[in-house]
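Me: I should like to learn how to read a protein model, one feature at a time. May we begin with a single pairing and then widen the view?

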Amino acid sequence: MKQLFTIFGNPVAHSKSPLMHNLSFKGLNYNGCYTRYKLEDGRGLRAKFFDLNITGANITVPHKEEAFKACDELDAFALKVGAVNTIVKKEGKLYGYNTDAPGFLKAIAEFKEAKRVLFLGAGGTAQSTSVVLRDAGYTVTLLNRSANRLERYTKEGFKTYTFDSFEYQEPYDLVVNMTSAGLEDDSLPCPASILEQVIPDAMACIDVIYGKETPFLKFSKKYHKPTKDGSDMLLYQGIIAFEHFTSNAFSFKEIEPFMKRAFIF
Ligand code: NDP
């Protein structure tokens, strides 16, 4: 019987996930179909999941915290970070995972010497990725526009700054735009004066936004730094979600060439 999957979010029209997963189902001969579902109110996620009779779902902005609450069981990492972007139904129970963070970790693995990372932004994506990076041995510092979002990070022992309190004390190997600045506007994630201090000493500049050259990446290129957008993160979180959806019927390496095809369109 065909298994159904979807992405819940608002908006979802732009999402590449249906293409990524459907190309993989087709290429791997798996009887699955992946759609998109615009969900206005995240509190209805659990009921909708059962109504649609789906096997699995990805969850995107702004419902990752509601997705966390909707699950019966959480894997250890999702529990630790409080955000779920992948749900799989098994024997009537909803199991929740976070694949964004391991996806990001894999996306930066090519910068082998990198140890110190500066996150510009402290939202939901920074929340899970800061933890996965710290667990992997990186030192993460967070710089955010508003102070209130930084409180939980400070409590968890991360070094944090607002634009006003920022002091450049040590070089950062990677400078990462973890904000949505540049997604639908032309803004930089922080004042140019801060970027002018940190970028010259960095090994590379990375953006989690994909599919466009953001003002941040454009700015970084002035310093002839290697840059990377969020496409690999998107690809890798998708492959890890696909492993969960299919109960590990396929390996990462088997899924990768098919899912990657979504990025040539
Ligand atoms: P959140 O809404 O949780 O957080 C947004 C963050 O961006 C906050 O830190 C906010 O700061 C900051 N911000 C927004 N606009 C500006 C601005 N103009 N100037 C400075 N700071 C700004 O979003 P998420 O963490 O969920 O998502 C962040 C980005 O990650 C998005 O662009 C999203 O598309 C991308 N993403 C990419 C993925 C991929 O696979 N490549 C996966 C998941 C997310 P403040 O606290 O001051 O409001």
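Reply: Let us begin with strand pairing. In β11, Ile-206 is the bridge partner of Val-176. Two strands pair if DSSP finds at least two bridges between them. Strands (E, at least two residues) and helices (H or I, at least four) are DSSP runs, numbered from the N terminus.

Me: What should I know about the origin of the model and its numbering?

Reply: This is a predicted model, in which local features need pLDDT of at least 70 and side-chain atom pairs count only at pLDDT 80 or more, while totals for chains, interfaces and linings use all residues. Residues are numbered from 1 along each chain as its sequence is written, and side-chain values use heavy atoms, with hydrogens and water left out.

Me: How many bridges join β10 to strand β11, and in which direction do the strands run?

Reply: There are 4 bridges between β10 and β11 (residues 204-207), and these strands run parallel. Strand β7 (residues 116-120) is likewise joined to β10 by 4 bridges, again in parallel. In β10, Val-176 is the bridge partner of Phe-119.

Me: Which way do the side chains of strand β10 point, and are they buried or exposed?

Reply: Buried means under 20% relative accessible area, exposed over 50%, and partly exposed in between (1.4 Å probe, protein chains only). In β10 (residues 174-177), Leu-174 and Val-176 point one way, Val-175 and Asn-177 point the other way, and all are buried.

Me: Which residue has a positive phi although it is not a glycine, and where is it found?

Reply: Asn-29 has such a phi, of about 60°, and is found in the loop between α1 and β2 (32-38). With a relative accessibility of 75%, Asn-29 counts as exposed. Asn-53 also has a positive phi, of about 55°, without being a glycine; its place is in the loop between α2 (45-51) and β3.

Me: Which peptide bond is cis?

Reply: One is the bond from Asn-10 to Pro-11, with omega near 10°; Pro-11 lies in the loop between β1 (3-9) and α1 (17-27). The bond from Val-61 to Pro-62 is cis as well, with omega near 5°.

Me: How many helices and strands are there in the protein?

Reply: The protein has 11 helices and 12 strands. Its radius of gyration, taken over C-alpha atoms, is 19 Å, close to the 18 Å that the globule rule (2.2 Å times the number of residues to the power 0.38) gives for 265 residues, so the protein is as compact as a globular protein of that length.
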